[in-house]
Amino acid sequence: MPPEDDSRWRLTDEYFERHLCGEDPALRDVLARNAAAGLPNHDVSTLQGSFLNLLARATGAQRILEIGTLGGYSTIWFARAVGATGKVITLEANAHHAETARHNLQAAGVADRVEVVHGPALESLSQLALANAPAFDLIFIDADKPNNPGYLERSLELARKGTLIIADNVVRDGQVIEDGSTDPRVVGVRRFIDAVGQNPRLGATVLQTVGAKGWDGFAMLLVD
Ligand code: SAH
Ligand code: DHB
Ligand code: MG
């Protein structure tokens, strides 16, 4: 992609952010703390966070499951959406990320409704199913992409008719169409998309995005 286009994507994101998102010191502090703690900037963008927040509110989600917390940036958008009566459970394998997220959630004033579960997400998901966790209204898959097929399978055990499942990073600069790719992240996403396409229980689409995070996209699945 020519760098010129990429910079126009970023400037266009900035334009919409400036007009629609307003000042948000709490979220700005989170990104600063993540950078200081050495976390990668793999958080969703501001406009994407706002999109996830609107989806959660539009569907009246009260129970949200997130796979891949990082510093809790997307978690905070979800926690704000469910409000004080709701619950967000977020799964994170990296102890330093989980600790940073707990700190950030506290500082953002939403720790009361969020549980950060430290450990490999496949195991945490099995634990939730074993414990007969009530179904989630919305599930956000955003961790290690090679495990996406497993995350889908286990998410379906924790879903009900009407659950919305969103998976981040399914486009990755268009790499998803490379059927000979040996990149395990691409392979994981392609297997995930195959599994979605073959599952009659799922209505699905992909929303490709450009902006502050380059060219990527969200898969959106509705469980029947
Ligand atoms: N949702 C976050 C970004 C998540 S980045 C946001 O938008 O703000 C992906 C995260 O998944 C990283 O923190 C990484 O440590 C975590 N991760 C990677 N492999 C994992 C696994 N097997 N189980 C749980 N988390 C994992
Ligand atoms: C990567 C992971 C993400 O979840 C993301 O949003 C961007 C990049 C990565 O592993 O490179
Ligand atoms: Mg992501």
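## Exercises around ligand 2 and the magnesium ion

The largest pocket is the space that ligand 2 takes up. (A pocket, on a 1 Å grid over the protein atoms alone, is an open set of points where a 1.4 Å probe fits, with protein on both sides within 12 Å along at least five of seven lines; a molecule sits in it if more than half of its atoms lie within 2 Å of its grid points.) This is a predicted model, where local features need pLDDT of at least 70 and side-chain atom pairs count only at pLDDT 80 or more. Residues are numbered from 1 along each chain, and side-chain values use heavy atoms, leaving out hydrogens and water.

**Exercise 1.** Find the polar contacts (pairs of N or O atoms within 3.5 Å) of ligand 2.

*Solution.*
- Start at histidine 42: a polar backbone atom is 3.1 Å from an oxygen atom of ligand 2.
- Then take the side chain of aspartate 168, with a polar atom 3.3 Å from a ligand 2 oxygen.
- Finish with asparagine 169, whose side chain places a polar atom 2.8 Å from an oxygen of ligand 2.

**Exercise 2.** Work out which residues hold the magnesium ion (ligand 3).

*Solution.*
- Look for donors (N, O and S atoms within 2.8 Å of the metal, or 3.2 Å for Na, K and Ca): Asp142 (OD), Asp168 (OD) and Asn169 (OD1) coordinate the ion at 2.0 to 2.2 Å.
- Next, read their spacing in sequence, which is D-x25-D-N.
- Now check burial: aspartate 142 and asparagine 169 are both buried (under 20% relative accessible area, 1.4 Å probe, protein chains only).

Technical notes. Chains lettered and ligands numbered in written order. Buried < 20%, exposed > 50% of the residue type's maximum accessible area, 1.4 Å probe, protein only. Polar contact = N/O pair within 3.5 Å; in protein donor to acceptor, adjacent residues only side chain to side chain. 1 Å grid on protein atoms, 1.4 Å probe; cavity = no way out; pocket = protein on both sides within 12 Å on 5 of 7 lines; lining within 4 Å.
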